[in-house]
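User: I would like to learn how to read an internal cavity and a disulfide from a model. Please start with the cavity.

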Amino acid sequence: MRFFPALVLCVASLAPQLSRADCAGAAQPWWYRYLQIVWSATMQTGDLCEWSERVNTGEADSWAVSAASEGIPSPSANWVLKQSVTGTVGGSRMQRYPEIAALTAAGATFYISWWEYYPTQLAAAGSSGTFMFSNFQIASADDCTACYHPIWGLFINPSDFTLILGWSPNGEAPGEGPHAGESGKRFYYSTRPIPVAQWVYFEVMITPSSTFTGAVKIWMNGELLFDQVNVKTRFPDIGIGGAMWISHMAYGSYIDPTPATHYIDNVTISLRRLNFAD
């Protein structure tokens, strides 16, 4: 697998506050506090101002688009996030920093949820060994400000369109892990294919930890796919290290069809599971 360096990450040390986004004129709905949502991106401003950063490498990009103009349904309002690998190799990452940084510093368990839509199944263009597509990653920093280190990542299995959860997919996570006594890359496999041409609801629970007290749980349409406990989820606090953030992405290589496109809507960071799929 190939992984590309990202731009220097931004780290915010402020405590998490209930806020909709950083867009001018954005208002917080009354129900945010009830649901314990600390941030969300709905793209209803028609742009990507709700995110901290877009990082493109190779042949890939992210856009705010009208679902109607794309010929797809929307789970809520019209604007959605479109992400595509447009050539042989590329990656486009939408990243959010402040709330994750604060929650990580506090050691607080939090949840990421979003709706995702695949117009068609993604398969390998050529050898399955050269195929790769990732839609979500948990990243962390050691002492290299210009490095992108995915600690955990979700990947598509091209043979059956199921999901694979990977630890240290580029081999740069902390040396020992994810569990005590383990080292090197680790991959965990699900058996439920991603539904195609319909919106799918994903939820990720993260307990941040640089020791073996962390956890990662992932649900798809309310069904638990992965349940990893007593694991590391970030680097330790050494120098400028220890920061942690999330990336929603279209990142991959040798994909059929190309452009390889998916859509994302209603991304949230919350302090409790929202259970919208139930």
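Analyst: A cavity is a set of grid points where a 1.4 Å probe fits but cannot get out, and its volume is the space filled by probe spheres set on those points. The model here is predicted. The largest cavity holds about 30 Å³ of space.

User: How many cavities of 30 Å³ or more are counted?

Analyst: The count is one.

User: Which residues line the largest cavity, and which strands supply at least two residues each?

Analyst: A lining residue has an atom within 4 Å of a cavity point. The lining here consists of Phe136, Gln137, Ile138, Trp152, Gly153, Leu154, Leu165, Val216 and Ile218. At least two of these residues come from each of strand 6 (132–140), strand 7 (149–157) and strand 11 (214–220). By class, the lining has seven nonpolar residues, two polar and no charged.

User: Now the disulfide. Which cysteines does it join?

Analyst: A disulfide is a covalent bond between the sulfur atoms of two cysteines. In this structure Cys23 is joined to Cys49, with an S to S distance of 1.9 Å. A search of the whole structure finds one disulfide. Cys23 sits in the segment before helix 1 (31–35) and Cys49 in the loop between strand 1 (37–41) and strand 2 (53–66), so the bond ties together parts 26 residues apart in sequence.

User: What is the handedness of the bond between Cys23 and Cys49?

Analyst: The disulfide is right-handed because its S-S torsion is about 110°.

User: Is Cys23 buried or exposed?

Analyst: Cys23 is buried because its relative accessibility is 9%, under the 20% cut-off. Cys49, at 28%, is partly exposed.

Terms used
Residues numbered from 1 in each chain as written. Predicted model: local features only at pLDDT ≥ 70, side-chain atom pairs only at ≥ 80, totals over all residues. Heavy atoms only, no water. 1 Å grid on protein atoms, 1.4 Å probe; cavity = no way out; pocket = protein on both sides within 12 Å on 5 of 7 lines; lining within 4 Å. Helix = DSSP H or I, 4+ residues; strand = E, 2+ residues; numbered from the N terminus. Nonpolar A, V, L, I, M, F, W, Y, C, P; charged D, E, K, R; others polar. Disulfide = S-S within 2.5 Å. Buried < 20%, exposed > 50% of the residue type's maximum accessible area, 1.4 Å probe, protein only.
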